[in-house]
Amino acid sequence: MMLDIRELNAWYGRSHILQGVSLNVREGEIVSVIGRNGAGKTTTLRAVMGLVDRASGAVAFDGEEILKRPVHARFSRGLGYVPEDRRIVPGLSVRENLKLGLVAVKGHDEAEAIDRVAETFPRLKERLDQAADTMSGGEQQMLAIARASVSDPKMLMLDEPSEGIMPVLVDEMFDLFERMKKAGTTILLVEQNVEIALSISDRAYIIDQGLVVHEASAESLLADEAVQDRYCSV
Ligand SMILES: Nc1ncnc2c1ncn2[C@@H]1O[C@H](COP(=O)(O)OP(=O)(O)O)[C@@H](O)[C@H]1O
Ligand SMILES: [Mg+2]
């Protein structure tokens, strides 16, 4: 098991947001988490990264309990995270942004790691010395994903990567996720774009009001319009 979340509760201040989320991701899988706005998808990823005010329950990553570990320890164990707001640093070049992906993770040859990631992301390869904020929103999202990949994480968690991005780039991005999976990266994907998410996923969970309300193979969920209508309308 790559990620095993059990009875995860999370709070922002006094607001009890996650009410006992349990889900898991096996090594090599792509698993989607879907659900309407405000359901608790982002909070689930943030709790796994250690970015909520308080959390209880258990989160095992690659065999180690991480819930009480500091955020940087989760990165350095190989857990990559691409947050909703890409947090590209505008004044820096693409290459400099990529280097930031290595800050919390020791033991990588910087030049080699950037060469490797540039091969995977051809759009960035041509733009390594360009200022990051001169790129389109979709290209900046690609950069955020590349930055999370530069340390070669065992697993990547992505929060709505397709949001606000033109369809042609979304297709390119999801092809890329499939290639990353083939190369051995495990992926946990939060998406509101249900169809494209399920099209590359093995399994999916639906979250509603801070709880997992449904789990299914991606294939059966794609065919289940009743469940999609009930839980996935924005
Ligand atoms: N920083 C915060 N402080 C207080 N409440 C928050 C905060 N972030 C999110 N929430 C609340 O937590 C719930 C779940 O939000 P979120 O996890 O962002 O949902 P989703 O990603 O599924 O749209 C919502 O009711 C939202 O208003
Ligand atoms: Mg969200």
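1. First, a term you'll need: a residue counts as near a molecule if its C-beta atom, placed from the backbone, lies within 6 Å of it. Keep in mind, too, that you're looking at a predicted model. With that cut-off, ligand 1 is surrounded by Y12, S15, I17, G35, N37, G38, A39, G40, K41, T42 and T43.

2. Where do those neighbours come from? Two elements, β2 (15-25) and α1 (41-49), each give at least two residues to the shell around ligand 1. The largest share, 3 residues, belongs to α1. Sorted by class, the shell holds 7 polar, 3 nonpolar and 1 charged residues.

3. Now hop over to strand β6, residues 79-82. Follow the side chains along it: L79 and Y81 point one way, while G80 and V82 point the other way. Are they buried or exposed? All of them are buried.

4. β6 has a partner, strand β7 (residues 155-159), and the two pair in the parallel sense over 4 bridges. If you want a spot to check on screen, find G80 in β6, which stands opposite L156 in β7.

5. Next, the largest nonpolar core, which has 59 residues. Which members touch the most others? They are L8, A146, M157, L158 and L188. Helix α6 (residues 137-149) supplies the largest share of this core, 6 residues. As background, nonpolar side chains in soluble globular proteins tend to be buried together.

6. L158 is a good residue to click on. Leaving out residues up to four places away in sequence, L158 touches V82, I145, I187, L189 and V190. You've met V82 already: it is one of the buried residues of β6.

Note on methods:
Residues numbered from 1 in each chain as written. Chains lettered and ligands numbered in written order. Predicted model: local features only at pLDDT ≥ 70, side-chain atom pairs only at ≥ 80, totals over all residues. Nonpolar A, V, L, I, M, F, W, Y, C, P; charged D, E, K, R; others polar. Buried ≥ 20, exposed ≤ 12 C-beta atoms within 10 Å, placed from the backbone. Pairing = 2+ DSSP bridges. Core = buried A, V, L, I, M, F, W, Y, C linked by C-beta atoms within 7 Å. Contact = placed C-beta atoms within 7 Å.
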